Amino acid sequence: MPQIKQPDLHKIADKYVKRFADTFESSAKALRPKITEAVVEEDMKRGIRAHPKSLYALIDTTPIAKMTVADAEASAEKVYRDIIQSVGAANAIVMDMDSPFVLEAAKTLTADLVTNVNTETKAAIRQMIFEAIRDGDPPAVAQKYIRQVVGLTKRDAMTVKRMMALHPERVDRLTQKLLRRRAITIARHETMTASNRGQKATWQKMVADDLIDPETARQTWIVTDDDRLCDLCAPMEGEAVALDEDFTSTVKGVLPSERKPYDGVTVETPPLHIGCRCTTALEFDD
């Protein structure tokens, strides 16, 4: 049985955070000029309960979180592949870029990223349209709001709108701050997700090469045990499943005495939630 090296997934992820964050931020800024008064007017005419189709179409065709900073023609899929390869290299395993394990993970991650980013952006823009119609704002005013919230969450969009009413001179600075914060949050989550998927892909490759017996190997959940450990991650410590199984969280509470069941969530690998710092390790049955 080979000696399994456990790489520092956080260190690998950190190498790619800025690249992801810069990409997201620049893509959001590139979308703003496309949001014209005419587009906003068209969606406002559709009514308060309607989806703003014209704005949604703009979001769906914008390269938000799809392009890499280094190469405008490359997709996020390549970045995910790079991260997964880095994890493989840290395990002293050669991961072919065309490996089915790498391709499947990269494609899934790319699709999830774009979907999640666009869903949040759409929710923020929909709220702006809703409030503009409700409050009787003309398209020219609604356009200013919407441009400022591109790339932000619905909650951040409300913060920006309040600032526009109270201190309009501070809006640009606040928007940039919130956008950068969200970019870093997304980047950190995505790079940790890719690193953990890369770890799993490495183990799958080792199984395919007969280096690991899947009957005796287990992937085990590892938490970052410090004062930031949350009530969702704490009960997952030591949870072990087969290499082809997913993890399921059904209990929450930091201390054993505080734990109680909840609806739960199933994930292929960590992270369990935004900001999760968990990883996995490989263990073998006695």
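This note goes through the nonpolar core, one helix pair and the small sheet of a predicted model.

1. Basis. In this predicted model, local features need pLDDT of at least 70 and side-chain atom pairs count only at pLDDT 80 or more, while totals for chains, interfaces and linings use all residues. Residues are numbered from 1 along each chain as its sequence is written, and side-chain values use heavy atoms, with hydrogens and water left out.

2. The core. The largest nonpolar core (buried Ala, Val, Leu, Ile, Met, Phe, Trp, Tyr and Cys residues joined through side-chain atoms within 4.5 Å; buried means under 20% relative accessible area with a 1.4 Å probe, protein chains only) has 50 residues, of which Ile35, Leu55, Tyr80, Ile146 and Val160 touch the most other members. Two or more residues each come from helices H1 (9-31), H2 (37-44), H3 (53-60), H4 (76-90), H5 (100-135), H6 (139-149), H7 (154-166) and H8 (171-208), where helices are DSSP runs of H or I of at least four residues and strands are E runs of at least two, numbered from the N terminus.

3. Ile35. Leaving aside residues up to four places away in sequence, Ile35 is in contact (heavy atoms within 4.5 Å) with Val40, Leu55, Leu58, Gln143, Ile146, Arg147 and Val150.

4. The H3/H5 pair. H3 and H5 pack at an angle of about 155°, their axes lying 10 Å apart; the axes are lines fitted to C-alpha atoms over the stretch in contact, and angles run from 0 to 180 degrees between N-to-C directions. H3 is therefore roughly antiparallel to H5, a term used for angles over 145 degrees. On the H3 side the contact is made by Leu55, Tyr56, Ile59 and Asp60, and on the H5 side by Asn118, Thr121, Lys122, Ile125, Arg126 and Ile129.

5. The sheet. Three strands form an open sheet in the order E2-E1-E5 with antiparallel pairing, two strands being paired if DSSP finds at least two bridges between them. Strands E2 (240-241) and E5 (279-284) are the edges, each pairing on one side only.

6. Strand register. Six bridges join E1 (residues 217-222) to E5 in the antiparallel sense, with Thr220 opposite Ala281 and Ile222 opposite Thr279. H8 packs on the sheet, touching E1 and E5, and its direction makes about 20° with that of E5. E1 and E2 pair over two bridges, also antiparallel, and Gln219 has Val241 of E2 as its bridge partner.

Conventions:
Parallel < 35°, antiparallel > 145°, perpendicular 65-115°, else oblique.
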